[in-house]
Amino acid sequence: MSTRSDLAGRGPMLLAMVLAVLGYQINATMLSPALPDVIERLGTTTAAAGLSQTLFFLMAAIGQVTIARLSDQRGRKPMMIVCAIVLIFGNLLCVFAPNIEIFIAGRILQGISAAMFTLAFLTLNQLLTPAGFGKAAGIITAVNGGLAGVDAIAGGQIADTIGFRGIFVCSTLIAVAGLVGVRKYVPDTAAETAAGTADARFDSRGIAALALGLTGILVGLAQGTAWGWTSPLTVGFLLGGLASLIFFVVSQKSAPNPVIDIEVLASRRAWPLLLTTVCTLGGAFGAIALTIPLFSQDARVGLGLSAVTAAVLFLTPIQLIGVISAPLTGRLGPKIGWRRIVVTGAVANFAIFLLATLFLSNEWILIASLAALGVTYGGFMLTGLNGLAVTTAPKDKPGSLSGLNGACFGIGASLGIALASAMITAGSDAGGPTQAGYQHAMYTALALLGTGVVTAFLIQRPDPAETPAEEPQPVLVHH
C-alpha cells in the first residue's frame, strides 16, 4: 500500500509522461505549418489534407474514450505502453507514405495514441495529492499546445527544407524515448475494475458503432462540398453515421460494461462540460490548425508567408505563452475552482477570437490575438477542462468522465477541421481558396466558441462535500 504524494520526487515519472504525450502532440502542432507541403508532395487536395486531419483527431476521440475505460480494468501503465507502440507504427507509415491513402492510414494510428493524455492525467490523479496533481496537470496540459512553440518553428523549417516526412522522424524518436521512460519510471497503479469479472468485458459492439457513427458524420461534413451535399456518397456517410450513433446510444443501456456511461453522460456535471470541450476545440483548433496556416501561406488571397514565418508569427506565440500559463493555471485550479477557470477562459476566448475574425487580414492584430489565446485557450481552457473532468468524475468510475472529455477533445478538433475544410472548399474558385472562404471558416469557428460560452455557464457547480482534501489518501499500487 502507498499513499498519495506531492510532486516532489516524481520528476523522472513526470518527464517520462511529458515525452510520451509530446510524441503524439507534435504530430498535430508540427504538421500544421507543413500542410501545404503535404498537399504538394503527395499530389493531393486541400479537402484530402483536411480529411487526414479530421480522421487524426477523430481517432484521437475514439482512442481516448475506449483506452481510458480499458485502463480501468487493465491498468494505466500497460495501456500507455500500447499507445506508444501504436504511435511509432503510425509514424513509420507517414514517413514512407507514397500517397495520401497510406498517409491517412498512418494518421489514424497516430490519432489513437492520443489516449496517452487521459492515461497520464488519471495516473497522476491516483498518485499525487490534489495540489500536486494541479501542478502536474498544468505541465502535461502545456504539452497539449506543443513544445513552447519550438515544434511549430521546426515544423515550418522542416517543411521548407526536407519536407513533411522529417516531422514524423522527430516524433518517432520522441515516442521511443517516451516508451522507454514509461516502462522504467511510471509505477503500476491498481486497476479500478477486476479483470475477468462480468463488468470487465469490453464492449466491442459499442466501440464499432461509435467509430462508424463518428466517422460517417465527420467524413460527410468534411467531404460534402467536394462530393456534393446531395450526392449518394455524402448522404450515405451522414445518414449511416447518424444511424450508427443512435444504435450506439441504445446499445449502451444494456451493455454490461458500456463504453460511455449514459447515467454519467446525462448528469449536469458531464454534458455541459463535454459540449464546452467540443465547441472550444472545434472553434479554436479548427482555425489554429487549418484555416490560419493555409491562409497565412496563401500567396494569392492570404498573407503569402513561408511556412517558417507563418509558424513563428501565428503558432509559436500561442504555444510559448501556453507553456507558461498552463502550469500557472494548474496551481490556480484547486484554489479558485476548476469551473471558474473554464467559464473565464470561455468568455475571454470568444472575445479574442472575435477580434481575430474581424481583422483576419491585419497581420499584427492576428499575431496579438493568437498570442493572447496562449493564456485563455492554451492555459485556462485546456488545463481547466482537463482538471474539471478528472476531479468531478464519479468516485466509483474515475475514468468515465475523463475518458469522455478526452474523446471530446478529439471530436471537437476533428469537427472544427471538418467544418473549416468544408467552408474553405466551398469558397474556392478555379484558382483555389478565396478570401471569402477563409472568412467563412473563421465565422464558423466563432459560432462554435460562442456556443461554448453558453454551455460553460451551464456546468454544474461542484459539491463542496466532493472536493478532494489536501491530505494524502491511500491508493493501492503494484511495483
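This report describes the predicted model of a single chain, from its overall make-up to selected helix contacts, a pocket and individual residues.

## Overall make-up

The model is a prediction. Its secondary structure consists of 18 helices and four strands. The chain has 479 residues, and 60% of them are buried.

Contacts that span long stretches of sequence are prominent in the count. Of the contacts between residues at least 6 apart in sequence, 83% join residues at least 24 apart.

## Helix H13 against H14

Helix H13 covers residues 271-297, and helix H14 covers residues 307-336. The two pack at an angle of about 145°, and their axes are 9 Å apart. The crossing in which H13 passes H14 is right-handed. On the H13 side the contact is formed by Ile288, Ile292, Ser296 and Gln297, and on the H14 side by Ala307, Ala310, Phe314, Leu315 and Ile318. Sorted by class, this contact comprises seven nonpolar residues, two polar residues and no charged ones.

Two of the residues named here, Ile292 and Phe314, also belong to the contacts of leucine 366, a residue of helix H16, which spans residues 363-391. Beyond its neighbours within four places in sequence, leucine 366 is in contact with Ala356 and Leu360 as well. Leucine 366 and phenylalanine 314 are separated by 52 residues in sequence, while their C-alpha atoms are 7.6 Å apart. Leucine 366 has a relative accessible area of 0% and is therefore classed as buried.

## Helix H13 against H15

H13 also meets helix H15, which is made up of residues 338-358. Here the axes come within 12 Å and cross at roughly 30°. The crossing of H13 and H15 is left-handed. From H13, the residues Thr276, Thr280, Gly283, Ala284 and Ala287 take part, and they meet Val342, Asn349 and Phe353 of H15. By class, the contact of H13 with H15 holds four nonpolar and four polar residues, with no charged residue.

Thr276 appears again among the contacts of threonine 455, which lies in helix H18, residues 435-458. With residues up to four places away in sequence set aside, threonine 455 touches Pro272, Leu275 and Thr276. The relative accessibility of threonine 455 is 7%, so this residue counts as buried.

## The second largest pocket

The second largest pocket encloses about 560 Å³ of space. Its lining is made by 23 residues, and those nearest its centre are Leu214, Ile260, Leu265, Cys408 and Ile411. By class, the lining has 23 nonpolar residues, with no polar and no charged residue.

Several helices share in this lining. At least two residues each come from helix H3 (46-74), helix H10 (204-227), helix H11 (232-252), helix H12 (262-266), helix H13 (271-297) and helix H17 (398-426). H13 thus appears among the helices of the pocket lining, in addition to its packing against H14 and its crossing with H15.

## Residues in H10 and H3

Valine 219 is placed in helix H10, one of the helices that supply the pocket lining. Its relative accessible area is 5%, so valine 219 is buried. Apart from neighbours within four places in sequence, valine 219 is in contact with Leu51, Leu55, Gly224, Trp227 and Phe237. A further pairing links valine 219 with leucine 415: the two are 196 residues apart in sequence and 9.4 Å apart in space, C-alpha to C-alpha.

Alanine 68 belongs to helix H3, another of the helices that supply the lining. With a relative accessibility of 0%, alanine 68 counts as buried. Alanine 68 and alanine 115 are 47 residues apart along the chain, and their C-alpha atoms are separated by 6.8 Å.

## Methionine 13 in H1

Methionine 13 is part of helix H1, residues 11-29. A relative accessible area of 2% places methionine 13 in the buried class. When residues up to four places away in sequence are not counted, methionine 13 touches Leu124, Leu127, Tyr185, Val186 and Pro187.

The chain also brings methionine 13 and glycine 181 to a C-alpha separation of 7.5 Å, although their positions lie 168 residues apart in sequence terms, counted as the distance from one to the other.

Technical notes. Residues are numbered from 1 along each chain as its sequence is written. This is a predicted model: local features need pLDDT of at least 70, side-chain atom pairs count only at pLDDT 80 or more; totals for chains, interfaces and linings use all residues. Side-chain values use heavy atoms; hydrogens and water are left out. Buried means under 20% relative accessible area, exposed over 50%, partly exposed in between (1.4 Å probe, protein chains only). Contact means heavy atoms within 4.5 Å. On a 1 Å grid over the protein atoms alone, a cavity is a set of points where a 1.4 Å probe fits but cannot get out, and a pocket is an open set with protein on both sides within 12 Å along at least five of seven lines; lining residues have an atom within 4 Å of a point. Grid points are joined across faces, edges and corners, and a volume is the space filled by probe spheres set on the points. Ala, Val, Leu, Ile, Met, Phe, Trp, Tyr, Cys and Pro count as nonpolar, Asp, Glu, Lys and Arg as charged, and the others, Gly among them, as polar. Axes are lines fitted to C-alpha atoms, for helices over the stretch in contact, and angles run from 0 to 180 degrees between N-to-C directions. A crossing is left-handed if the near helix is turned anticlockwise from the far one by less than a right angle, and right-handed if clockwise.
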